[in-house]
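I opened my notebook to follow a few charged side chains and see who pairs with whom. Come and look along with me.

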Amino acid sequence: MPILSQIKNAIMADPQNRTFTERGIEPLFAAPTSARINIVGQAPGVKAEQTRLYWNDKSGDRLREWLGVDRETFYHSDLFAVIPMDFYYPGKGKSGDLPPRKGFAEKWHPQILADLPNIELTILIGQYAQKYYLPENTLNVTETVQNYAKFLPHFLPLVHPSPRNQIWLAKNPWFEQEVVPTLQQRVKTILAR
C-alpha cells in the first residue's frame, strides 16, 4: 500500500477523528509526490467538506486567481499539494469557522511532507499556518504578509482569500500591487520547470 494511503488510513483510524470517520467523512487534503507547491490553510470549509473538494468555493476562486492558475492546473496537474492545518471542517464559531484543532498538524504534516521531496514553495494562508511554519516570527498576519520577502524562497505568507477580507484588501492595496504579482511569478517559474 502506498505511503499516502497508509497515512490516510491512520488519520481515519485516529480516535481524535472518530466522529468524522463514523459519519463517512474522509480527511480532505492532497499530497501528490510530484507536487512542487504546498498550500497550507486553516481547514476545509463546509462547502469543501460537502463536495469533497478542497478550496471549492469563492475563497478558492480568489486563491487560484492570486496564484495565476486555472482549476484544471490546480486540481489535476499533480503540482499542488494542499495540506491544511486540519483536514476536517471544524464547525461554525461566533464570527466564522472554528480554528483548526490543536496538535493536528504536528501529528500529520511531518509524515506527509516526508513523502513530498519536490516542494519548492509553501504558501502559508492565515495565522495558524504562519504560526506553525514560522515559529520564530512574532509579527501579526498583516505584518507577516507585508514582510513576505524575508520568508522567500521557501515560504510565502498570505491573508485568507475569503470574500470577508474585502475590507482588509481595500485598506492594504500593496497586497494586490506587490505580493500577488510576486506570488504569480514565483508559481509560474516553479510550474515551468
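Entry 1, lysine 107. I looked up how open this residue is, and lysine 107 turns out to be partly exposed, with a relative accessible area of 35%. I keep in mind that I am reading a predicted model. Next I asked what lysine 107 forms a salt bridge with. The partner is aspartate 14, and the closest N and O atoms are 2.7 Å apart. This pair links distant parts of the chain, since the two residues are 93 residues apart. I found lysine 107 in helix 6, which covers residues 104-113.

Entry 2, aspartate 14. I then moved to the other end of the bridge. Aspartate 14 sits in the loop between helix 1 (3-13) and helix 2 (18-22). Is aspartate 14 buried or exposed? Its relative accessible area is 11%, so I wrote it down as buried, the cut-off being under 20%. I also checked which residues aspartate 14 touches, leaving out those up to four places away in sequence. Lys107 and Trp108 are the ones it touches.

Entry 3, the count. How many salt bridges does the model have by this rule? I noted 6 salt bridges, and I picked out a couple more to visit.

Entry 4, aspartate 61 and arginine 64. The side chains of these two meet in a salt bridge, with 2.8 Å from N to O. Where do they lie? Both are in helix 4 (residues 58-67), 3 residues apart, which is about one turn of the helix. I looked up their accessibility as well. Aspartate 61 is partly exposed, at a relative accessible area of 40%, whereas arginine 64 is buried, at 4%.

Entry 5, arginine 193 and glutamate 120. I found another salt bridge here, and its N to O distance is 2.0 Å. Arginine 193 belongs to the segment after helix 10 (174-192), while glutamate 120 is in the loop between helix 6 and strand 5 (121-125), so the pair ties together parts that are 73 residues apart in sequence. Arginine 193 is exposed, with a relative accessible area of 53%. I noted glutamate 120 as partly exposed, at 23% relative accessibility.

Entry 6, looking back. I wrote one reminder for my next visit: lysine 107 and aspartate 14 link distant parts of the chain, whereas aspartate 61 and arginine 64 both lie in helix 4.

Notes:
Residues numbered from 1 in each chain as written. Predicted model: local features only at pLDDT ≥ 70, side-chain atom pairs only at ≥ 80, totals over all residues. Heavy atoms only, no water. Helix = DSSP H or I, 4+ residues; strand = E, 2+ residues; numbered from the N terminus. Buried < 20%, exposed > 50% of the residue type's maximum accessible area, 1.4 Å probe, protein only. Contact = heavy atoms within 4.5 Å.
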